[in-house]
Amino acid sequence: MSADSSVYGNPELSLSVSDNTYRSSESATLSIVASNNGRLEQGGPAQYEQEVQTAQSVQMKVLEEQIDAPIDVKTGTVTAGAIPDSGTGRFDFNIEIGAAEPGTYEIPVEVQYKYVRMVTYGGVDGPEYEWRTVTREKSVTVEVEDRPQFEVVNDDNNAVFAGDTGKLSFTLENTGTRTATSSSVQLTTQSPTIFFGTMQNPQSSTSLYVPSLQPGERANLAVQVGAAAETQAGSYPVNLAVSYENQNGVTETSDTLTTGVTVNPERTFEIRDIETKRFRVDEGEAKINAQVVNTGSGSVSNVAVRIGDTAVVTPTNGESAIGDLGPGESQPVSFTVSIPASAEPGTNTFPFIVEYENQDGDVRTTSSPIRKSISIGAEQDPFTVVNVSTAVSPGTTETVDVEVQYNGEEPISAANAKLFVSDPISTSDDGAYLGEMQPGETKTATFTVSAGSEATVKAYDASVEVRYDEADGDTKYTDGLPVGIALSPSSGGLPIPMSVIGVLALLGVGAIAVVYRRR
């Protein structure tokens, strides 16, 4: 077979790294580029020349055990297919660089491929191919930079309650080999319900300034962080990156670091065991007694409960301070309200608002009022007239006995009843002392009344007003309680009192004397 009927040559692969600069203590990608500069020893038809210079089924693996550096290779053999003459192939390896000292390091690799060593053509049976397989060890050089690097440490206890703010504290360490100056630590939340700053002015990002951080030095940093009330309990990431000036005064930015904040369920409270006193229409001192319970998972300080705005009643003592409450603890609360005469009896909803202080001393309010239904009773007079009895008739003077019942809820003292009458009824003794009275007790007030001689036998309107002292010393007056004073008919004609007879006798004697003088 003649030489002019053969083409032979071989591929020549050289290796390089597209970006060979790395940092210690980082995960990175080692990208090795294989360039083929094929060699042709004897030419011929172009298609055969291309075949003898093409590396096919190219495979590469990093010889990790030969690396003299804390570098772990996470990728095995990488295949790039065929690399023709003047072509390139890229081989990517995931690596982890440990605490490597700054400097250059050799990364040995093994490259294996096959190629057509020679093509013989011109024969009756067509071209013949001679294959070879090549395995070669090569190396590439990488550099671990002399630069600052950062790590977040000591960030385990960052927790806030939903609907509240707290501190996000962490320690930033320079784990690199150079000092970082004029560093700006930029923090960014990854959830729309997590924010920095105050609840009135929430921000999705914030920054901190660190003047200088030497290799191995740590800086303790903290920012205010909060969670909206609707935030679900759980852990939420916060990303941070450090911008700094290197030794040449050029600003560089670190890889993204991650810390986090734990959100606890929103602080919750309940109002239980509601009891009311004098809770009725036209009552100036209606009372609400209840228990407030901390149903959340955290302790709170300086708790106060107040009645929210309502069109039904007017709070006269609408806030109750109770101090500190641990999880599951309860304390009594009480309120006094004024219920107007215009109120309608029935069940109404009353909002109760809980205020407290968080660990930073900031005053917080529950996101929604605690609404409770409380019934307002019908108006009730403190006294009721239960019976009136008298034997007075026209032209006579008799006593009137008025039985009054005390309807209040607490004992009273110094009760006095006063009778109000109008013509033809008059009274010469309109006051009656009742003294102390217990709830539900009935006493009789006795008055002296007179009826004119021309009075008609019927019932006449009158009223009784009671003055009394409550247990707290306040003096109260009732409205006029209506009583009817009924006149009874005289027995045996109109009765003439002895005083009237005496007067008539004197008038008779006087008349006789007048007649005598005229004579």
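**Pockets and strand pairing in the predicted model**

The largest pocket has a volume of about 600 Å³. Its lining consists of 26 residues, and those closest to the pocket centre are Glu283, Pro382, Tyr468, Glu470 and Lys476. The structure examined here is a predicted model. All values below were computed from that model.

Strands contribute to the lining of the largest pocket. Strand S24 (283-294) and strand S39 (475-477) each provide at least two lining residues. The largest share comes from S24, with four residues. Sorted by class, the lining holds 14 charged, eight nonpolar and four polar residues.

The second largest pocket encloses about 200 Å³ of space. It is lined by 13 residues. Closest to its centre are Ser25, Gln149, Phe150, Asp255 and Leu257. Two elements, S4 and S12, give two or more residues each to this lining. By class, six residues of the second lining are polar, four are charged and three are nonpolar.

Both of these strands were then followed into their pairings. Strand S4 spans residues 26-36. This strand is mostly covered, with eight of its eleven residues buried. S4 pairs with strand S2 (residues 13-17) in the antiparallel sense, over five bridges. Within the S2 pairing, Leu13 stands opposite Asn36 of S4. S4 also pairs with strand S9 (residues 88-97). Here ten bridges join the two strands, and the direction is again antiparallel. Thr29 has Asn94 in S9 as its bridge partner.

Strand S12 belongs to an open sheet of five strands. The strand order is S12-S14-S19-S16-S17, and the pairing is antiparallel. S12 (150-153) and strand S17 (202-203) form the edges of the sheet, and each pairs on one side only. The partner of S12 is strand S14 (residues 164-174), which S12 meets in the antiparallel sense over four bridges. In this pairing, Glu151 stands opposite Glu173 of S14.

A general point helps in reading these strands. In a regular strand, side chains alternate between the two faces of the sheet.

Taken together, the second largest pocket draws lining residues from S4 and S12. S4 pairs with S2 and with S9. S12 is an edge strand of the five-strand sheet. The lining of the largest pocket, by contrast, takes its largest share from S24.

Methods: Residues numbered from 1 in each chain as written. Predicted model: local features only at pLDDT ≥ 70, side-chain atom pairs only at ≥ 80, totals over all residues. Heavy atoms only, no water. Buried < 20%, exposed > 50% of the residue type's maximum accessible area, 1.4 Å probe, protein only. Pairing = 2+ DSSP bridges. 1 Å grid on protein atoms, 1.4 Å probe; cavity = no way out; pocket = protein on both sides within 12 Å on 5 of 7 lines; lining within 4 Å. Points joined across faces, edges and corners; volume = space filled by probe spheres on them. Nonpolar A, V, L, I, M, F, W, Y, C, P; charged D, E, K, R; others polar.
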